[in-house]
Amino acid sequence: MNLPQAAALLRSARRVVIMTGAGVSAESGIPTFRDAQTGHWARFRPEDLASPEAYWKGPELVWDWYAGRYRDVMAAAPNRGHTLLAELERRKLAEYGESAFTLVTQNVDGLHLRAGSLPPLELHGNLTHGRCEACERVQPLPGPASFIPPPTCNVCRSRMRPNVVWFGELLPEEVLAAAQFAFERAEVALIIGTSSQVYPAAALADLTLQRGGAVIEINPDTTPLTRRATLSLRTTAGEGLAALMDASP
């Protein structure tokens, strides 16, 4: 399949699913988890900052780390990739209804929502929110300028933890099931800016391929998915989406 054929298929598809990873937010200046471990944080292993064991051992340390990431995320703006996906969503919903488009993300930065997308399926949570340790209520964090961690639950006044999936934790069961359902029934799946190495998210594209759908990868780098994809575009999220949405059949 070539680019014009892929663009035509995307335009006509009645069921489209998107998976985004860190590469989508790279153009907004948001570093990946490991890239953010610089300066003071370079001496820590990922497990020291993002695991249940690390949190119970030192919640202040973990919250200091996530408070810094939260400030960085809120200072960033959605980029062309985010806005093009929001536009594609609007087109598909207008043409074919609410089941025509599903956005799944591994990112925790909330930029899809800020770009105008409907709430995506967030496989790894959202670091702009906290989750109560006692009643599990999820609520937005205070504004970055006034935020002093840890946050307190508005309902039971208990301490809240970052609302993200840590090493050693399972993905949210209902969110994963909804993502699997969307990939199983999709005519076209776009896999954008993800390494395709983290499971179970990396297995979702195969659900579309097994049902006869097309998988289009957009990534500057070759990934384990590349050889199986129907089409793989070696470019950034913004450039790849612009090409797919503007290409002539």
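Start with the empty space inside this predicted model: the structure holds three cavities of 30 Å³ or more. The largest cavity has a volume of about 70 Å³. To find it, select Met19, Gln106, Ile191, Thr194, Ser196, Gln197, Val198, Ala201, Ala202, Leu204, Ala205 and Leu225, which line it. Sorted by class, this lining has eight nonpolar and four polar residues, and no charged ones.

Keep Met19 selected, since it leads to the sheet. Met19 stands opposite Val104 in strand 2. Now select strand 1 (residues 16-20) together with strand 2; the two pair in the parallel sense over five bridges.

Next, show strand 2 (residues 101-105) alone. Is it enclosed or open? Four of its five residues are buried, that is, under 20% relative accessible area, so strand 2 is largely enclosed by the rest of the structure.

Stay on Val104 and look toward strand 3. The bridge partner of Val104 there is Leu121. Strand 3 (residues 121-122) pairs with strand 2 in the parallel sense over two bridges.

Now show the whole sheet. It is open and made of six strands in the order 3-2-1-7-8-9, with parallel pairing. Strand 3 and strand 9 (231-233) are the edge strands, each pairing on one side only.

Move to the strand 9 edge. Strand 8 (residues 214-218) pairs with strand 9 in the parallel sense over three bridges, and Ile218 stands opposite Leu233 in strand 9. Last, select helix 10 (residues 237-246), which packs on the sheet and touches strand 7 (188-192), strand 8 and strand 9. The direction of helix 10 makes about 140° with that of strand 8.

Terms used
Residues are numbered from 1 along each chain as its sequence is written. This is a predicted model: local features need pLDDT of at least 70, side-chain atom pairs count only at pLDDT 80 or more; totals for chains, interfaces and linings use all residues. Side-chain values use heavy atoms; hydrogens and water are left out. Buried means under 20% relative accessible area, exposed over 50%, partly exposed in between (1.4 Å probe, protein chains only). Two strands pair if DSSP finds at least two bridges between them. On a 1 Å grid over the protein atoms alone, a cavity is a set of points where a 1.4 Å probe fits but cannot get out, and a pocket is an open set with protein on both sides within 12 Å along at least five of seven lines; lining residues have an atom within 4 Å of a point. Grid points are joined across faces, edges and corners, and a volume is the space filled by probe spheres set on the points. Ala, Val, Leu, Ile, Met, Phe, Trp, Tyr, Cys and Pro count as nonpolar, Asp, Glu, Lys and Arg as charged, and the others, Gly among them, as polar. Contact means heavy atoms within 4.5 Å. Axes are lines fitted to C-alpha atoms, for helices over the stretch in contact, and angles run from 0 to 180 degrees between N-to-C directions.
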